[in-house]
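Colleague: Got a minute to walk me through this one? I'd like to get my bearings before I go back to the bench.

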Amino acid sequence: QCALKERQIVPYLQPLVDANGKVVGAEALVRWNHPRFGMISPGSFIPMFESNGLTRQLDSFVWREVAAQMRDWKDRLGICVPVSVNVSRVDIFDYDLVDHMKGLIREFDLSPDEFLLEITESAYTQDSAQIISTVNALREAGFHIEIDDFGSGYSSLNMISPLPMDALKLDMEFMHNAFKERKNTKMLDAVIDIAYSLEVPTIAEGVETAEQMFALKAMGCDIVQGFYFSKPLPAEEF
Ligand code: C2E
Ligand code: MG
Ligand code: MG
């Protein structure tokens, strides 16, 4: 809580790039700039925040910072950059989530379809009926939902098609294994085909090399994100 108050928590932004190399958006990835330990990645502190119930506070802080940043870009530079924010499983069980999101969009005078919501695939495994109804309510309010870490091992294929979604973000493992063995390359291609069958765009994360980039383009992947283009950056640098 002290870290939030003292603004040690900062959302970084990583560009999302389309097949022609154009920046089409960003993902907000939180960093903790700790006075003693330096920059800490979310992988180390999100699990801790989840266990002490701070995730909701952290996430709404990040969403607010992102919304304010988008407003600032519009006002100062006249540009609209859609930003995806991560929505954790605990947020979805917050009865107030839909109103909270609507309020934020209203306050900063943004359109809900430029404030994208990433929900990790594993969030759908338990109580999926409640999650699906919340996600439907968010979509009715105009928000776009991206399934994050798609294919990371939690879902069975027959639960995918009823999931309300506007984009699929492939789990990074597909990318990192794709060029080790031929069968893995085929797997990547198959997952992109699944997204195509579901009629939603695919986003590939963890793209680190030109080889990966060109292979993805050939496979019909729509959007890529990764160190090949840029690491997550402070907003000013972004
Ligand atoms: P994610 O949403 O799947 O984010 C992608 C992760 O991949 C990020 O790690 C990003 O920095 C990293 N990444 C991007 N490009 C590359 C690449 O080319 N190679 C490799 N090896 N990695 C790449 P990060 O920032 O450490 O975040 C880890 C996870 O923490 C995120 O996974 C997300 O689930 C969670 N997270 C981040 N920010 C937030 C937040 O504000 N709220 C919540 N609830 N979770 C967050
Ligand atoms: Mg994400
Ligand atoms: Mg991911």
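Modeller: Sure, we can go through the metal sites, the pocket, a helix and a couple of single residues. Keep in mind that this is a predicted model.

Colleague: Metals, then. What coordinates the magnesium ion (ligand 2)?

Modeller: Four residues do: E27 through OE, N86 through OD1, E118 through OE and D148 through OD, at 1.9 to 2.3 Å. Along the chain those donors follow the spacing E-x58-N-x31-E-x29-D.

Colleague: Which parts of the chain does the pair E27 and D148 tie together?

Modeller: E27 lies in strand β2 (residues 23-34) and D148 in strand β6, so the pair ties together parts that are 121 residues apart in sequence.

Colleague: Are those two buried or exposed?

Modeller: Both E27 and D148 are buried.

Colleague: And what holds the magnesium ion (ligand 3)?

Modeller: That ion is coordinated by D148 (OD), D149 (OD) and E205 (OE), at 2.1 to 2.4 Å. The spacing of these donors in sequence is D-D-x55-E. D149 sits in strand β6 (residues 145-150), while E205 is in the loop between β8 (202-204) and α9 (210-219), 56 residues apart.

Colleague: How far apart do the magnesium ion (ligand 2) and the magnesium ion (ligand 3) lie, and what bridges them?

Modeller: They lie 4.3 Å apart, and D148 bridges them.

Colleague: Back to D149 for a second. Why does D149 count as partly exposed?

Modeller: Its relative accessible area is 22%, and buried means under 20%. E205, with a relative accessible area of 9%, is buried.

Colleague: Now pockets. How much space is in the largest pocket?

Modeller: About 950 Å³. The pocket is lined by 36 residues, and those nearest its centre are E27, L29, P42, N86 and D148. E27, N86 and D148 are also donors to the magnesium ion (ligand 2).

Colleague: Which elements give two or more residues to that lining?

Modeller: Those are β2, α2 (42-51), α3, β4, β5, β6 and α7 (172-177).

Colleague: How do the lining residues of the largest pocket divide?

Modeller: Into 14 nonpolar, 11 polar and 11 charged.

Colleague: What about closed-off holes, how many cavities of 30 Å³ or more are there?

Modeller: The count comes to 1, and the volume of the largest cavity is about 30 Å³. Its lining is made by V17, D18, A19, M213, K217, C221, D222, I223 and V224. β1 (9-18), α9 and β9 (223-224) each supply at least two of the lining residues. The lining divides into 6 nonpolar, no polar and 3 charged residues.

Colleague: Changing topic: helix α5. Which residues are buried there?

Modeller: In α5 (residues 97-107), L97, V98, M101, L104 and I105 are buried. They cover an arc of only 130° around the axis, which puts them on the same side of α5.

Colleague: And which exposed residues are on the face turned away from that buried side?

Modeller: D99 and R106.

Colleague: What covers the buried residues of α5?

Modeller: The cover includes α3 (55-77), β4 (83-87), α4 (89-92), β5 (115-120) and α6 (128-140).

Colleague: What follows α5?

Modeller: D109 follows α5, and its phi is positive, near 50°.

Colleague: Two single residues to finish. Where does P11 lie, and is P11 buried or exposed?

Modeller: P11 is in strand β1, and at 11% relative accessibility it counts as buried. Leaving out residues up to four places away in sequence, P11 touches L29, V30, V62, E65 and V66. P11 and L29 are 18 residues apart in sequence, but their C-alpha atoms are 5.4 Å apart in space. L29 came up before, among the residues nearest the centre of the largest pocket.

Colleague: And F174, which helix is that in?

Modeller: Helix α7. F174 is buried, with a relative accessible area of 15%.

Colleague: What is F174 in contact with?

Modeller: Setting aside its neighbours within four places in sequence, F174 is in contact with F150, G151, M187, L188 and V191. F174 and A204 are 30 residues apart in sequence and 8.9 Å apart in space, C-alpha to C-alpha.

Definitions and conventions: Residues are numbered from 1 along each chain as its sequence is written. Chains are lettered from A and ligands numbered from 1 in the order in which they are written. This is a predicted model: local features need pLDDT of at least 70, side-chain atom pairs count only at pLDDT 80 or more; totals for chains, interfaces and linings use all residues. Side-chain values use heavy atoms; hydrogens and water are left out. Donors are N, O and S atoms within 2.8 Å of the metal (3.2 Å for Na, K and Ca); water is not among the atoms, so sites may look incomplete. Helices (H or I, at least four residues) and strands (E, at least two) are DSSP runs, numbered from the N terminus. Buried means under 20% relative accessible area, exposed over 50%, partly exposed in between (1.4 Å probe, protein chains only). The arc is that of the directions from the helix axis to the C-beta atoms. Contact means heavy atoms within 4.5 Å. On a 1 Å grid over the protein atoms alone, a cavity is a set of points where a 1.4 Å probe fits but cannot get out, and a pocket is an open set with protein on both sides within 12 Å along at least five of seven lines; lining residues have an atom within 4 Å of a point. Grid points are joined across faces, edges and corners, and a volume is the space filled by probe spheres set on the points. Ala, Val, Leu, Ile, Met, Phe, Trp, Tyr, Cys and Pro count as nonpolar, Asp, Glu, Lys and Arg as charged, and the others, Gly among them, as polar.
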